[in-house]
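This briefing goes through the fold, the internal spaces and a few backbone features. Keep the structure open while you read.

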Amino acid sequence: MERYNFNSSYSISRIIKGGWHLAGGHGNIDPEAAIEDMYAFVKAGITTFDCADIYTGVEELIGAFQKKYEAAFRSRDLSPIQIHTKYVPDYDKLWKLKKADTEAIIDRSLRRLGVERLDLVQFAWWTYDAPGYVETALQLKALQDAGKIRYIGLTNFDGKRVQEILDAGVSVLSNQLQYSVFDHRPEWDMEPIRKVYNMPYLCYGSLAGGFLSDRYLGLPDPKGPLENRSLTKYRLIIEEFGSYEYFQDTLKCLREIADKHEVDIAAVAGKYILQKEGVAALIIGARNRKHLHKYQEFSHFSLDSEDLAKIEKMVQGSQGPKGPVYELERDKDGKHGRIMKYNLNED
């Protein structure tokens, strides 16, 4: 598995095992099976895990995995793992958040994961109407200085607010954001900052919850409620991209490229983002090891200039989405915002 080196002492796998699908919203989770799946991913070279304080039970699962295999980690039978969690304060508390609140959540993540220091804490903020995001980032910096956090990252912050946090003196390792064939918003306002500060992207949604796969090629537009909130979210992104028919045309384009490289559509869609300048890794929402062999394919081929030109032609013919990172989702009353859950720490 390819790796990305942030510096001489911190390296991650370019495919990150996402944790959202283990939070229960995508079907029942067997904890023992989930732990054994984590073992399989690490043995395959995918050593980096993404989770969050609001992903119910996921930090505990990863902590249990570490505990079960601590002897193997100690003896180097297993490669060292990297755990990226998130700090996502509840929407209703943003206007009155205190340092004690921030420290309590970070301490809770430390306990759940069973570690003395968090590798990367990715800070998210629901609405810029609440002005405390810079102050809260500085609270995280204080916890970093105290040794509880190794690196600070951001999640879904746009360029303007990233710059404000940087100007306040917070060192930011990365920005986690949505980036896919369907969604090029990171290129609107994040690129200048990324280049100046060498702040790479950790990308989610690059397979659009499974829509960017052979499963949906030729499939009629699904009617009625979708299987889970992830599919609902990305179906809305497809609407921003264009019509369902244009989505199908895009899948056909990706299928032609996939045939050339003897891989599937998901591999082409993922590799397209991995080859983007400034992308450190993709976060793949894998509930189990079923498709692990396919994720390994991402390291076995490259898209050439002809492939990229075909994809870019489809992108240029799309409608959007346009605007800064996560701007559509930040509108709580809009169709993207209405499907979100905003107070998950309380739950």
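Ala, Val, Leu, Ile, Met, Phe, Trp, Tyr, Cys and Pro count here as nonpolar, Asp, Glu, Lys and Arg as charged, and the others, Gly among them, as polar. With that split, the lining of the second largest pocket has 6 nonpolar, 5 polar and 4 charged residues. The model is predicted.

**Overall fold**

- The chain contains 14 helices and 10 strands. Its radius of gyration is 19 Å, close to the 20 Å that the globule rule gives for 347 residues, so the chain is as compact as a globular protein of that length.
- The C-alpha trace spans about 50 × 50 × 40 Å along its principal axes.
- Buried residues make up 59% of the 347 in the chain.
- Take the contacts with a separation of 6 or more: 77% of them join residues 24 or more positions apart.
- The chain has an accessible surface of about 15000 Å². Carbon and sulfur atoms hold 48% of that surface.

**Second largest pocket**

- The volume of this pocket is about 260 Å³.
- Its lining counts 15 residues. Nearest the centre lie Ile81, Val115, Arg117, Asp119 and Arg150.
- Three strands, β2 (10–13), β5 (82–87) and β6 (118–123), each give two or more residues to the lining of this pocket.
- Of the residues named nearest the centre, Arg117, Asp119 and Arg150 fall in the charged class, because Asp and Arg count as charged.

**Largest cavity**

- How many cavities of 30 Å³ or more does the structure hold? There is 1.
- The largest cavity encloses about 30 Å³ of space.
- Lys17, Gly18, Gly19, Leu22, Met38, Phe49, Asp50, Val58 and Ile62 form the lining of the largest cavity.
- By class, this lining divides into 5 nonpolar, 2 polar and 2 charged residues.
- β3 (15–18), β4 (48–50) and α2 (58–68) each contribute at least two residues to the lining of the largest cavity.

**Helix α2**

- Which residues of α2 are buried? They are Val58, Glu59, Leu61, Ile62, Gly63, Phe65 and Gln66.
- Val58 and Ile62 are buried in α2, and both also line the largest cavity.
- An α-helix has 3.6 residues a turn, so residues three or four places apart point the same way.
- Cover for the buried residues of α2 comes from several elements, including α1 (31–43), β4, α3 (70–74), β5 and α4 (99–113).
- β4 helps to cover α2 and also supplies residues to the lining of the largest cavity. β5 is part of that cover too, and β5 gives residues to the lining of the second largest pocket.

**Backbone features in loops**

- Asn156 is not a glycine, yet its phi is positive, at about 65°. Asn156 sits in the loop between β7 (149–155) and α6 (159–167).
- Is Asn156 buried or exposed? Its relative accessible area is 9%, so Asn156 is buried, the cut-off being under 20%.
- Ala208, also a residue other than glycine, has a positive phi near 55°. Ala208 lies in the loop between β9 (201–204) and α9 (229–241).
- With a relative accessible area of 1%, Ala208 is buried.
- The peptide bond from Gly320 to Pro321 is cis, and its omega is near 0°. Pro321 belongs to the loop between α13 (305–316) and α14 (327–330).

Key
Residues numbered from 1 in each chain as written. Predicted model: local features only at pLDDT ≥ 70, side-chain atom pairs only at ≥ 80, totals over all residues. Heavy atoms only, no water. 1 Å grid on protein atoms, 1.4 Å probe; cavity = no way out; pocket = protein on both sides within 12 Å on 5 of 7 lines; lining within 4 Å. Points joined across faces, edges and corners; volume = space filled by probe spheres on them. Helix = DSSP H or I, 4+ residues; strand = E, 2+ residues; numbered from the N terminus. Rg over C-alpha atoms; globule rule 2.2 N^0.38 Å. Buried < 20%, exposed > 50% of the residue type's maximum accessible area, 1.4 Å probe, protein only. Contact = heavy atoms within 4.5 Å. Areas by Shrake-Rupley, 256 points an atom, 1.4 Å probe, with all protein chains shown as cover.
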